[in-house]
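Open the model in your viewer and keep the sequence panel beside it. Each stop below gives a selection and says what is there.

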Amino acid sequence: MSSLSIALIGPGLVGTEVLGQIAAHGGAGLRVVAVASSRRVAVAGAGDDGALGLFAAADDALDALTAAAQRHRPCVVVDCTASGDVAARYPAWLALGLHVVTPNKKPFAGPRLLFDAIRSAARAANVSALHEASVGAGLPILSTLSDLVDTGDSIVKIEGILSGTLSYIFNNFSSTSTAANQTPLSFSAIVNEARQNGYTEPDPRDDLNGMDVARKVVILARVAGLNLSLEDLPIENTVPEPLRAIPSADEFMVRLPDFDAHFAALNDAARARGKVLRCVGVVDPVNPSASGVKLAEYDASHPFASLKGSDNIIAFTTKRFPNPLIVQGAGAGAAVTAFGVFSDILKIKRQVEYASRLHPNTHP
Ligand SMILES: NC(=O)C1=CN([C@@H]2O[C@H](COP(=O)(O)OP(=O)(O)OC[C@H]3O[C@@H](n4cnc5c(N)ncnc54)[C@H](OP(=O)(O)O)[C@@H]3O)[C@@H](O)[C@H]2O)C=CC1
Ligand SMILES: N[C@@H](CC=O)C(=O)O
């Protein structure tokens, strides 16, 4: 018996993996009642055991998904897009009594008004809007931060490598250049690998221009109780100026090798000083103007210098943890991101089951 329905938007890399993990777990007691992309939707019939229909073209795919979600409450809308338009619908979904789970950063890092509207709509309708995977993919970063804040700790600083893509790029770039017996991989070749591995945003410039990290900095700051927005942050943009306005991501990738020498020079200059390049995000509640995204050089002995693969590392310095509490592990890729989404869904399922034991005949 399924106690919770799923209406999933965005069956791309992450969305397909979420559906795959649910199926591989025998359905996990969940029932998928709608799947929508930008122009197509498949929905289940109105009856309790209606199967998911064929994926059909629709101008109003999200309206059809919303109607199916309402018919099958309690239901979680799972947003696996990177869309601001989809994000703008969260307050309405929550007000309808639908839960929301997402790895999308835009709803929580965009306009402060939307962030506040999401939180107050969720409170008013007694439903959840969970987004663990929006920072650090499947790593327990937002849940750890919420627990620290909710139990009265004071956040002194949050600092870390928050991009799986930039971690992968700079970990590999510094290591291939320093190994004497290895042909160094070019910057553009490593960016291409990160894209093929599923670490980048749909447009890899959203990683390279610092915006993905900046969004994570804003989310961390807001969950920590600070009133910070993207406009308040200095953000270091590593995309070469002539490539910033190119319309398509594919064309950007074709032109990127023209700038390999520029990136090799940056890397070699750091190396000559015995350092490596790393892109770091900082939330500093004590001195908010020190918050931001920077490309900095680190000694080889620094914990940020020895990461592997797409690892993220986040250090929470707090009143209780003057020696920081550290969370580290793979911070991008379909499997770990879908794990973060799936585990948020299961948290809601447990709440729904508990509530229905306490108050049979009511939902959500
Ligand atoms: N990749 C990773 O490691 C991580 C990703 N994330 C986040 O996960 C999200 C998904 O990323 P990813 O799977 O790589 O992206 P993809 O580009 O692979 O998939 C995006 C999906 O969203 C759909 N979509 C886009 N716009 C709309 C819209 N307006 N209405 C309905 N559907 C829409 C697309 O459908 P169509 O083709 O029809 O446009 C596509 O199915 C992003 O927010 C990303 O930041 C978070 C953590 C880690
Ligand atoms: N593009 C992002 C994906 C996860 O948020 C990253 O590289 O970290």
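The tour runs from the whole chain to single residues, and then to a ligand.

**Stop 1: the whole chain.** Bear in mind that this is a predicted model. Show the protein chain as a cartoon. Its secondary structure comes to 14 helices and 12 strands. Along the principal axes, the C-alpha atoms fill a box of roughly 70 × 50 × 35 Å. How does the radius of gyration of the protein chain fit a compact globule? The two agree, because a compact globule of 364 residues would have a radius near 21 Å and the protein chain has 21 Å.

Now colour by burial. Of the 364 residues, 45% are buried. Contacts reach far along the sequence, too: among those with a separation of 6 or more, 70% join residues 24 or more positions apart.

**Stop 2: T81 and K105.** Select both residues. An unreviewed UniProt entry lists T81 and K105 under "binding site". They are spread over 25 residues of sequence, yet they cluster in space, with a largest C-alpha distance of 9.5 Å.

Centre on T81. The loop between β5 (75-79) and α3 (84-87) holds T81. Is T81 buried or exposed? T81 is buried, because 22 other C-beta atoms lie within 10 Å, and 20 or more are enough for that label. Leave out residues up to four places away in sequence, and T81 touches I9, G10, V86 and N104.

Move on to K105. Look in the loop between β6 (99-101) and α5 (106-109). K105 counts as buried, because it has 23 C-beta neighbours inside 10 Å. Which residues are in contact with K105, leaving aside neighbours within four places in sequence? Select S134, R215, K216 and I219 to show them.

**Stop 3: V127.** Select V127, in the loop between α6 (112-125) and β7 (129-130). V127 is buried as well, because 25 other C-beta atoms lie within 10 Å. Next, draw a distance from V127 to M211. These two residues are 84 apart along the chain. Their C-alpha atoms are separated by 29 Å.

**Stop 4: ligand 2.** Show ligand 2 and the residues around it. Start with A137, then add S163, G164 and T165, which are among the residues there. Y199, T200 and E201 also belong to the set. Complete it with D207, D212, G331 and A332. What is the make-up of this shell in nonpolar, polar and charged residues? Colour by type: three are nonpolar, five polar and three charged.

Conventions:
Residues are numbered from 1 along each chain as its sequence is written. Chains are lettered from A and ligands numbered from 1 in the order in which they are written. This is a predicted model: local features need pLDDT of at least 70, side-chain atom pairs count only at pLDDT 80 or more; totals for chains, interfaces and linings use all residues. A residue is near a molecule or strand if its C-beta atom, placed from the backbone, lies within 6 Å of it. Ala, Val, Leu, Ile, Met, Phe, Trp, Tyr, Cys and Pro count as nonpolar, Asp, Glu, Lys and Arg as charged, and the others, Gly among them, as polar. Helices (H or I, at least four residues) and strands (E, at least two) are DSSP runs, numbered from the N terminus. The radius of gyration is taken over C-alpha atoms; the globule rule is 2.2 Å times the number of residues to the power 0.38. A residue is buried if 20 or more other C-beta atoms lie within 10 Å of its own, exposed if 12 or fewer, and partly exposed in between; C-beta atoms are placed from the backbone. Two residues are in contact if their C-beta atoms, placed from the backbone, lie within 7 Å. UniProt positions are given in the numbering used here, feature names are shortened, and annotations may be inferred rather than shown by experiment.
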